[in-house]
Amino acid sequence: MTASIPSPLADVLARIVAPGTPALADALQHLLDHKTKPVGSLGRLEPLARQIGGILGTTEPRLEAPQMLLFAADHGLARQGVSAYGQEVSWQMAQNILHGGAAISVLTRQHGIGLTLIDCGIAQPLPAHPQLRSAKVLPDGSADASEQPAMTLPQCLQAIEVGREAVRHAPGNAILLGELGIGNTSAAALLLARLENLPIEDCTGAGTGMHGAAWEHKVAVLRQVLHTHAAVTEPLDVLAALGGLELAAMVGAVLQAALEQRVIVVDGFVTSAAVLVAARLQAQVLGYCVFSHLSHEQGHRLMLQALQASPLLQMDLRLGEGSGAALAWPLLESACRILCEMASFASAGVSTARTAV
Ligand SMILES: Cc1cc2ncn([C@H]3O[C@H](COP(=O)(O)O)[C@@H](O)[C@H]3O)c2cc1C
Ligand SMILES: O=C(O)c1cccnc1
């Protein structure tokens, strides 16, 4: 068990503060309430605008150079038949992403979002590419969690540093989180079950297509993994034992982005699992997170409940890669434009409500 969080991580955790100030929140609310619209009529766009204004510390927030950081790694646990696809698909999809043919390639191109693939431990080598950051912590991916911890604590801390470094290198003021790694819906389900003390069958979804008997098998494997690591309960130890390299890197990315007061756009079930770990280490990170969508993956609803988060979209996506975050991106842009460009009743000469609202 981790007696205490080692530095420099402890130092990072101590320096993360809640976004915004009460005075800024009041100013943002006042501006929104005096735009040429009935009070509150832009619905969820209004709290989104308040949140982004608070994070960026201004009543005129402008999103600049958004960056999709897509963390990729393989999982030893995939050998236990917990995915409908083989481990080689992580490597094949990584190449597809770099060649511009994956869903996330299309969506980031469409929305002008920068895309970087961070190889934290894909089990085969990837050729150099301008959009690839090679940061393998383990050349073959994480260990099989049904036999031993997925990572040692030093490996886990190293992966967290990979995520922090990726954010430090990224330009702009918004980070979108994406992931790739066959077997990672299992790792995410394990993190949720252990950190929230929930039954594993409620946390386990079909992932890439594990239905019926295949799902039963996935649940049985994951139950055994939890049993093997029954004594592990502290967030960092849970991440090391049950998580994966890309999950640990995403924890680091969330912490660093919150530290730097950037907007964090969370994708689906797997990226939310990283946010859950980060939030258990430092709850203030949640103020920086925009939850893009409710994934079709069973367990995401419970995960979002645990995070007290309400997602922007419900599109029955069950892909990962950061696809939901990219799809939701225009909503964040609209929220900022409402604050920056929309007229007020006074500036447009429009009469205000005749009755108190
Ligand atoms: C072709 C293909 C493209 C993907 N893109 C993301 N994932 C998603 O599915 C995987 C997790 O599901 P599981 O736990 O069932 O393996 C991860 O790679 C995730 O990013 C994909 C999966 C496949 C097969
Ligand atoms: O929601 C997700 O993150 C997800 C769902 C299925 C497969 N991979 C990721």
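Select strand S5, residues 263-266, together with strand S6: in this predicted model, the two strands pair in the parallel sense over 3 bridges. To see one of the residue pairs involved, display Ile-264 and Cys-289, the latter being the bridge partner of Ile-264 in S6.

Next, keep S5 and S6 in view and add helix H14, residues 323-341. This helix packs on the sheet and touches S1, S4, S5 and S6. With respect to S5, the direction of H14 makes an angle of about 135°.

**The whole sheet**

Extend the selection to the remaining strands. The sheet is open and consists of 6 strands, which follow one another in the order S3-S2-S1-S4-S5-S6 with parallel pairing. At its edges stand strand S3 (132-134) and strand S6 (289-291); each has a single partner strand, so one side of each is left without a neighbour in the sheet. Looking from strand to strand, neighbours are turned against each other by 25° on average, direction ignored.

Now select helix H6, residues 153-169. H6 lies across four strands: S1 (67-73), S2 (114-121), S3 and S4 (174-180). Relative to S2, helix H6 runs at about 160°.

**The ligand site**

Centre the view on ligand 1 and display its surroundings, a shell of 19 residues. The closest of these are Ser-83, Thr-185, Gly-207, Thr-208 and Gly-320. Colouring the shell by residue class gives 10 polar, 7 nonpolar and 2 charged residues.

Which secondary-structure elements each supply at least two residues of this shell? Select helix H4 (88-98), helix H7 (184-196) and strand S4 to see them. Strand S4 thus appears in both parts of the tour, as a member of the sheet and as a contributor to the shell around ligand 1.

**The two domains**

Finally, colour the chain by its domain assignment. Domain 1 comprises 7-62 and 338-348, whereas domain 2 covers 67-329. The centres of the two domains, taken over C-alpha atoms, are separated by 28 Å. Their contact takes 15 residues from domain 1 and 16 residues from domain 2.

On the side of domain 1 that touches domain 2, select helix H1 (9-15) and helix H3 (45-56), each of which supplies at least two residues. The largest share of this side comes from H3, with 5 residues. A last colouring by class shows 11 nonpolar, 2 polar and 2 charged residues on the side of domain 1 that touches domain 2.

Key. Residues numbered from 1 in each chain as written. Chains lettered and ligands numbered in written order. Predicted model: local features only at pLDDT ≥ 70, side-chain atom pairs only at ≥ 80, totals over all residues. Pairing = 2+ DSSP bridges. Axes fitted to C-alpha atoms, helices over the stretch in contact; angles between N-to-C directions. Contact = placed C-beta atoms within 7 Å. Near = placed C-beta within 6 Å. Nonpolar A, V, L, I, M, F, W, Y, C, P; charged D, E, K, R; others polar. Domains from an automatic or database assignment.
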